[in-house]
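Hi everyone, thanks for making time for this one. I'd like to walk you through a few side-chain contacts, so please have the viewer open.

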Amino acid sequence: MHHLPGPVLREKHKKDKMHMHISAPSTGLRGKSRTKTKKHHSSTPVTSVGTSGSNMVPSLGDATELIGSDQPTLSEKLKVFKASGFDPEGFLTTKCRNMNQKEVKNLCLYLVDLKKASAEEMRKSVYANYPSFIRTSREICDLEGQLLDLKNLLSSRAVLVNGLADGIRIDSFTSHHEEKKGDVTLDDMESSNQEKWLVEFMETLEVLLAERRINEALDALDEGEQIAQQDNRYQSATSTAMLQLQNNIIQHRQKLADSLVESASHPSATGFELRSAVKALKRLGDGPRAHSLLLRSHYRKLQHYLRDLHPAGPSLGAAYITAISQLTFSTLAQAASDSLAIFGDEPCYTSELVTWAVNQTESFALLVKRHFLASPASSGSLRIVSECVQVCLGHCSTLETRGLVLSPVLLKICKPCVEQAFTASLKRIEQSTAAIAASDDWSLNYPPLGSRSVSASSLLSQPKLSSSAHRFNSMTQEICEDVGSLENLSLANQALESLLQLFDTYIKMLINALPNSTETENLEGSGRIVRIAETQAQQLALLANALVLADELLPRAVSKFLHLPQTDDGSRRGSDRHNRAPEQRELKKRLQRLVDQLRDSFCRQHALDLIFNEDGSVRLCADMYFAMDGDTEELPEWFPSAIYQELFEKATLVASMASDVFVGKDRFATILLMRLTETVILWLSDDQSFWEDIEQGPKTLGPLGLQQFYLDMQFVILFASQGRYLSRNLHQVIKNIIGRAIDAVAATKIDPYSVLPEDEWFTDVAQIAIDMLSGKEAGEYETEDIHSPIAPQSVE
C-alpha cells in the first residue's frame, strides 16, 4: 500500500476521524433508545458480553451499552458528549468501575478490533477514491497549463488595448509587420530607444541560450516579462515594441523548454544535468511537463541498466535477483528524492509519483514472477521462492522512509506464487513420507545427519523415530522455517491448518500400518502401500512416532511462524501450563486428538484379537460360563479365563516395553493401558448377544459360572490396580457388569450371595494367577491394596 500525498491524507484523516467520533456514539445510542427505561446513571450490566456462547462480535450499540447509561431521549444522551469539558478517560473510568476484569478485557479487545476495522475501512475507502483523486489532480495540472496560456494571451491582448487607447490603429501595426519597409516617421524616431533596447535584449538572450547559461537566460526572460507587464516602467513604449517583446519571450521560452527536454532525454545525461533541466523547466512555468520528464528519464535509465544486467546464460540465480531488485528500488528511491527536492509535497506531483512508482513495482513484480517464481513455485521449491520474495521485500521497504509503501503491491502479485509453492511443498512432503513408509521397518533410531536442523553435536539430544517420521519431521521443520521468513504474507493461519491436515494424513498412514486395519484396503486402492507393523515393538513405534511429533516436534515447528514458546522435552511443569500461550494450548489439543485416533485404533485392534478367533468366531461368549455348571462331577480348578489371562499378558508386555519406547511419556503409557483394558471390558458390557444369552437364553447362568465370571472381573480389577492404570470409569463398568450377572442368577430363584465366596477368596485367587503368569511363585510377594486410588483422573 502506498501513501497518499501528505496534505490530502491529513485532510482525509481529519474527516474520517471526525466522522468516527460523531457516528460511533450516536449509533449506539439509537440502538438503545428503542427500549424505554427509567432515568438513572448506574452502569449497564455487561454479563452478556463474551458469555452468551456465541462467537458473534458485539455490535457498536452493544459496545455503547457497556459504557453508557440509559436516557429517555436522544438529545439528553448526547449532552454528556457535547459538553465542552467532556473527559473521555474519566467517563470511561466511571462507567467501567463496577466491571470485573473479564468484562473490561472483553471490552478492550472489542475496542481494539473496532480500531483495526476502522483503519481497514479507511484504507479501503482511500483506495476506492484514489483513482478519482489522481484523475482530478491531472485535470488540475492541465488546467494550470491552460491558465498560463490564457495569461500570456491576455498579456498580448492588453498591449493591443493600450495601443487603441493611445489612438494608434491596429491595421497600421499589421501593415508595418507585413511590409517591414518604408520611411522612418517621427513616431518611429521617438521609439528608436525602445527598439534598440529590444534588439540588445534579444541578442543577449540568444547568446545565453547558445552558451547554455540556463540560469542567466531564465533571469533575462523573467526580466523581460516584468518589463512587458509593468506599464509604469516604460510609459512611452509603443505597442509594436511591447508586442514584439512579448512574442519573443514566448518563443524563447518554448525554445528553451524544448532544448531542456532534449538534453535531459539524452541517454548520456547525468543525474545532475537531469535535475538542473527539470528545475529550469519548472521555473519556466511548465511544472507538469518537468515532473513527467523526470519520471520518464528515471524509467529510461532503469530499462537501460536492466538490459545491460541481463545474464547471457539461461540460469538466473539469487545474485541476479538481488541485483535487479536493488537496481529497481534504488531507482524508485532516487526518483522520489528528486521529486520531493524539486517539487516538494504538492498533491498533483506526489500523486503522479505514487502512480508511477506503483506501475513500476507492478512491472518489476510481474518480471520476477514470470522469470524467477513460476518454475520453483510449480515444483514446490518454497525455500527458493521465499528467499526471492524476501530479497525484494527488503529492498522495497527502504522506500517507506520516503513515503512510498509499495510492499502490498509487490505481495499482491507474488503471494499466489508463494501459496502455490507452499501447496506443492505439502504435496511433496506427503508423497515423500508415503514412499518412506512403504519400506519403513518401524524401528526407532536417531535422525540421520545432513538435515538442516541436525548436527553431529546435537544428534544424541534428538528423539528416536522411525525413518518415515524423521522424513516427515525434517521436511515440516524446513517448510515452517520458510513460512516464518514471510511474515508480511500472513500465511501463518493457512500454514497451521495445512500442517494439521498433513499430520492427519500421516496418522492415517500409521493406522493403516496396524495389522488387519479396516482402512488398509482403501489405502491399497489409492495406490499407496504401507508396510505392516507385525510385532508389538513395531506397533508401539507407530505410537511413539505420533506422540513425539505431536508433543514436541510439530509445536516447535509451528513456533517458527506463530512465535509460540518452544519446548525441548516432553516434561511439563505447573508454571509452564499457565504461561503457555492460548494458541499453543489449542494446537496441542488438536494434535492430541489426532494421536488419540491412532491410540484408539491400536487398542481396538488388540481387543478384537482377544475377543475373536482367527476364523471369526467369538471367544468371549456366554457359553464359556454355561459350561462351568454342565460338568459337576469334579470341581473346577479356579483360575481366570484364558481371554483375561491373555489380556493381562498383553498389558504386561506393553507396560514393560513402554518404558523404553515412551521415554519421559509415562502418562501416555498409563492412558494407553487404561484404554486397552477398557476396550475389552466395554465390548463385553455392550455385547447384546452375550447378555441376551445370559438373561433370556435357554440356558441359565449357574453358581459356578457366576463364580468364574466374578473371578474374571476381580482379576481385571486387581492387575489393573497393581499396574496403576485402573480408571474410575473401568472400575464402575466392572461393578455394573458384576451386578447385572448377579441379577441374572437371582432371576432363576437362586440366591447368588449364598453361592459366592467372600471377596478375600477372589482376591487371593486373582493374586495367585498374577504371580503365576508373571513367573513368580504363589505367595512370594504380598498383594497390594486394591482399594487405593489408582488413577486420579477418569479417562473418557
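I'll go through salt bridges, then aromatic pairs, then a charged patch on the surface.

One thing up front: this is a predicted model.

Let's begin with the salt bridges. The structure holds 13 of them, and I've picked a few to look at together.

Start in helix H18, which covers residues 492-512. Here the side chains of Lys-508 and Asp-504 form a salt bridge, at 2.8 Å from N to O. The two residues are 4 apart in sequence, about one turn of the helix. How accessible is Lys-508? Its relative accessible area is 35%, so Lys-508 counts as partly exposed, since the partly exposed class runs between 20% and 50%.

Now for a bridge that reaches across the chain. Glu-552 forms a salt bridge with Lys-665, and their closest N and O atoms are 3.0 Å apart. Where do these two partners sit? Glu-552 is in helix H20 (residues 536-562), while Lys-665 is in the loop between helix H24 (642-661) and H25, so to speak a link between distant parts of the chain, 113 residues apart. Both Glu-552 and Lys-665 are buried.

Staying with buried charges, move along to helix H25. Glu-678 and Arg-675 form a salt bridge there, with 3.3 Å between the closest N and O atoms. They are 3 residues apart, which is again about one turn of the helix. Are these two buried or exposed? Glu-678 has a relative accessible area of 3% and is buried; Arg-675, at 14%, is buried as well. The cut-off behind that word is under 20%.

Before we leave the charges, have a look at a group of four. Arg-383, Glu-481, Asp-482 and Lys-560 are linked in a network of salt bridges.

On to the aromatics. A pair of rings is described by the distance of the centres and the angle of the planes. The count comes to 18 aromatic pairs. One of them is Phe-612 with Trp-683, an edge-to-face pair at 5.9 Å centre to centre, with 80° between the planes. What does this pair tie together? Phe-612 lies in the loop between helix H22 (582-611) and helix H23 (623-626), and Trp-683 lies in helix H25 (residues 666-686), so the contact joins parts that are 71 residues apart in sequence. Phe-612 is partly exposed, at 27% relative accessible area, and Trp-683 is partly exposed too, at 24%.

The next pair is Trp-691 and Phe-709. This one is also edge-to-face: 6.3 Å centre to centre and 80° between the planes. Trp-691 belongs to helix H26 (residues 688-696) and Phe-709 to helix H27 (residues 703-722), with their positions 18 residues apart in the chain. Both rings are in buried residues: Trp-691 has a relative accessible area of 3%, and Phe-709 is likewise at 3%. If you widen the view, Trp-691 and Phe-709 belong to one aromatic cluster together with Tyr-625 and Phe-690.

Last stop, the surface. Which residues gather in a patch of negative charge? They are Glu-758, Asp-759, Glu-760 and Asp-764. Asp-759 sits in helix H30, residues 759-773, and is partly exposed, with a relative accessible area of 43%.

That's my tour, and I'm happy to take questions.

Key
Residues are numbered from 1 along each chain as its sequence is written. This is a predicted model: local features need pLDDT of at least 70, side-chain atom pairs count only at pLDDT 80 or more; totals for chains, interfaces and linings use all residues. Side-chain values use heavy atoms; hydrogens and water are left out. Patches are made of residues with over 30% relative accessible area and no salt bridge: like charges are joined within 9 Å, nonpolar side chains (Val, Leu, Ile, Met, Phe, Trp, Tyr) within 5 Å. Accessible areas come from the Shrake-Rupley method with a 1.4 Å probe; for residues, only the protein chains shown count as cover. Lys and Arg count as positive and Asp and Glu as negative; His and the chain ends are not counted. The place of a charge is taken as NZ of Lys, CZ of Arg, CG of Asp or CD of Glu. Buried means under 20% relative accessible area, exposed over 50%, partly exposed in between (1.4 Å probe, protein chains only). Rings of Phe, Tyr and Trp (its six-membered ring) pair if their centres lie within 6.5 Å; planes under 30 degrees apart count as stacked, over 60 as edge-to-face and the rest as tilted.
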